Amino acid sequence: MSRLKIIGIDSEKCIKCEKCITSCSVRLFSVERAGMEKKIEFDDPYHFCFRCGHCISICPTEAIDYTGAEQTYTFEEVSTPESLISYDDMMKFIRARRSIRIYKDKPVPEPLIHSVLEAMRYSPSASNRQSREYIVITDKEKIAWLSTKVSNLMKTTQRLLPLRYLIAPFLSSSLRRRIMSPRTKKSLEMFFERTDSGDDMIFFKAPIVIILYAPPYSKMTGPDAGIALTHGMLAAQSLGLGTCWIGFAQEYLWRSKKTRKTLGIPKDRNVYGVLVMGYTDIKFERAPPRRELSVKWKK
Ligand SMILES: Cc1cc2nc3c(=O)[nH]c(=O)nc-3n(C[C@H](O)[C@H](O)[C@H](O)COP(=O)(O)O)c2cc1C
């Protein structure tokens with residue numbers, strides 16, 4: 001995957017407005033003066049540039065020279081995004097998003113899937129790493145295969161339940177809490193009753209499964225993935241599509257090296273998010289209640 005690299009400034013185009021200097025958080029641009037002449041220089045001997053691209057975004061004359069990246073988007077509202085959507089409209093849109101668990105048996109045209117992925121591409125990431133890669137599964141049989149694999153993990157949990165007092169000390173605290181909870185036994189019974197009667201309790205027979213994988217570079221990998229998928233969920237909604245994050249599948253894929261390999265996920269990557277997507281076959285009347293905000297103001 002090619003990466004953005006700033007290589008300098010086109011002195012013919014540069015109008016010396018110094019906006020690149022202001023925008024660079026690691027201070028790689030400077031003004032050089034020779035008599036009355038002023039020149040803007042870019043210098044990065046210690047490779048501090050983390051490729052945020054803000055210098056490219058701010059330059060009024062496209063004077064920043066770079067390689068390894070696409071053309072930028074220039075449009076009038078880019079400097080006044082608030083003119084594109086009001087807070088009220090945005091909040092309505094956010095509140096209207098639901099996790100969708102009922103889908104139409106209708107394929108989604110590929111350009112629409114691309115549009116959702118494109119929104120994910122524009123999400124922020126720590127140090128602008130953008131190290132996310134995706135697998136898009138639209139093959140019904142493959143989705144059913146993966147769903148069975150995830151269900152099998154639940155089956156193992158169910159089988160281990162009678163031994164829970166014995167194995168609890170060896171489990172992580174979250175797994176221990178889950179396996180010891182009386183709800184777990186009941187919910188697994190319900191899960192398999194419905195699975196056995198033909199329901200897909202993992203992917204809800206959605207026509208698309210999107211898997212996000214990435215190298216586990218830091219504690220920021222998870223948040224990066226979450227933001228990318230959230231962008232995707234909102235973009236999907238704007239295209240008339242529903243989504244649901246599938247933590248069960250994410251957890252299974254995180255553990256199963258073998259299935260990751262079968263899916264073509266390289267050894268040095270892991271799975272940080274799974275979404276299902278498709279045409280919604282359910283209509284909500286209102287946003288569900290949320291908890292009150294819990295905020296500590298320090299004024
Ligand atoms: C990280 C994460 C994991 C989730 N995992 C699942 C899942 O495995 N199965 C499922 O049906 N819903 C899953 N959900 C959806 C949540 O249950 C849902 O977001 C929550 O109930 C709030 O409902 P809403 O999204 O409609 O506002 C997950 C959501 C998130 C953010």
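Here are some questions and answers about this predicted model.

Me: In what order do the four strands of the open sheet come?
Reply: Strands of a sheet pair through backbone hydrogen bonds, either parallel or antiparallel. Here the pairing is antiparallel. Reading across the open sheet, the order is S5-S6-S8-S7.

Me: Which strands of that sheet stand at the edges?
Reply: Look for strands with a single partner strand, so that one side is left without a neighbour in the sheet. That fits the strand at 133-137 and the strand at 242-245. The edge strands are S5 and S7.

Me: By what angle are neighbouring strands of this sheet turned against each other on average?
Reply: We're ignoring direction here, and the value is an average over neighbouring strands. The turn is 25°.

Me: How many bridges join S6 to S8?
Reply: S6 covers residues 208-214 and S8 covers residues 270-278, and they run antiparallel. One of the bridges pairs Tyr213 with Val271 in S8. The number of bridges joining S6 to S8 is seven.

Me: At about what angle does H9 run to S8?
Reply: H9 spans residues 221-238. This helix lies across S6, S7 and S8. Its angle to S8 is about 10°.

Me: Are H4 and H9 oblique or perpendicular to each other?
Reply: Helix H4, residues 110-121, packs on H9 with the axes 7 Å apart. The angle between them is about 140°. Angles over 145 degrees would count as roughly antiparallel and 65 to 115 as roughly perpendicular, so this one falls outside both. H4 and H9 are therefore oblique.

Me: How many nonpolar residues are in the contact of H4 with H9?
Reply: On the H4 side you'll find Ser115, Val116, Ala119 and Met120, and they meet H9 residues including Ala228, Leu229 and Gly232. Sorted by class, the contact has no charged residues and three polar ones. The nonpolar count is seven.

Me: How are H5 and H10 placed, roughly perpendicular or roughly parallel to each other?
Reply: H5 covers residues 140-160, and its axis is 9 Å from that of H10. They pack at about 80°. An angle from 65 to 115 degrees counts as roughly perpendicular, while roughly parallel needs one under 35. H5 and H10 are therefore roughly perpendicular.

Me: Which H10 residues meet H5?
Reply: From H5, the residues taking part are Leu146, Lys149, Val150 and Leu153. By class, this contact has six nonpolar, no polar and one charged residues. The H10 partners are Phe248, Ala249 and Tyr252.

Me: Is the crossing of H5 past H8 left-handed or right-handed?
Reply: The axes of H5 and H8 (residues 182-196) come within 10 Å and cross at roughly 135°. The two helices are therefore oblique to each other. As for its hand, the crossing is left-handed.

Me: Which elements give two or more residues to the shell around the ligand?
Reply: The residues around the ligand are Arg98, Ser99, Arg101, Cys244, Trp245, Ile246, Gly247 and Phe248. By class, that's four nonpolar, two polar and two charged. Now match them to elements: S7 spans 242-245, and H10 spans 247-255. The elements are S7 and H10.

Me: Which residue in the hairpin of S2 and S3 takes a positive phi?
Reply: Six bridges join these antiparallel strands, and one of the pairs is Arg33 with Lys38 in S3. The hairpin has two residues between the strands. The residue with a positive phi, near 65°, is Gly35.

Methods
Residues are numbered from 1 along each chain as its sequence is written. This is a predicted model: local features need pLDDT of at least 70, side-chain atom pairs count only at pLDDT 80 or more; totals for chains, interfaces and linings use all residues. Axes are lines fitted to C-alpha atoms, for helices over the stretch in contact, and angles run from 0 to 180 degrees between N-to-C directions. Two residues are in contact if their C-beta atoms, placed from the backbone, lie within 7 Å. Ala, Val, Leu, Ile, Met, Phe, Trp, Tyr, Cys and Pro count as nonpolar, Asp, Glu, Lys and Arg as charged, and the others, Gly among them, as polar. Two strands pair if DSSP finds at least two bridges between them. A residue is near a molecule or strand if its C-beta atom, placed from the backbone, lies within 6 Å of it. A crossing is left-handed if the near helix is turned anticlockwise from the far one by less than a right angle, and right-handed if clockwise.
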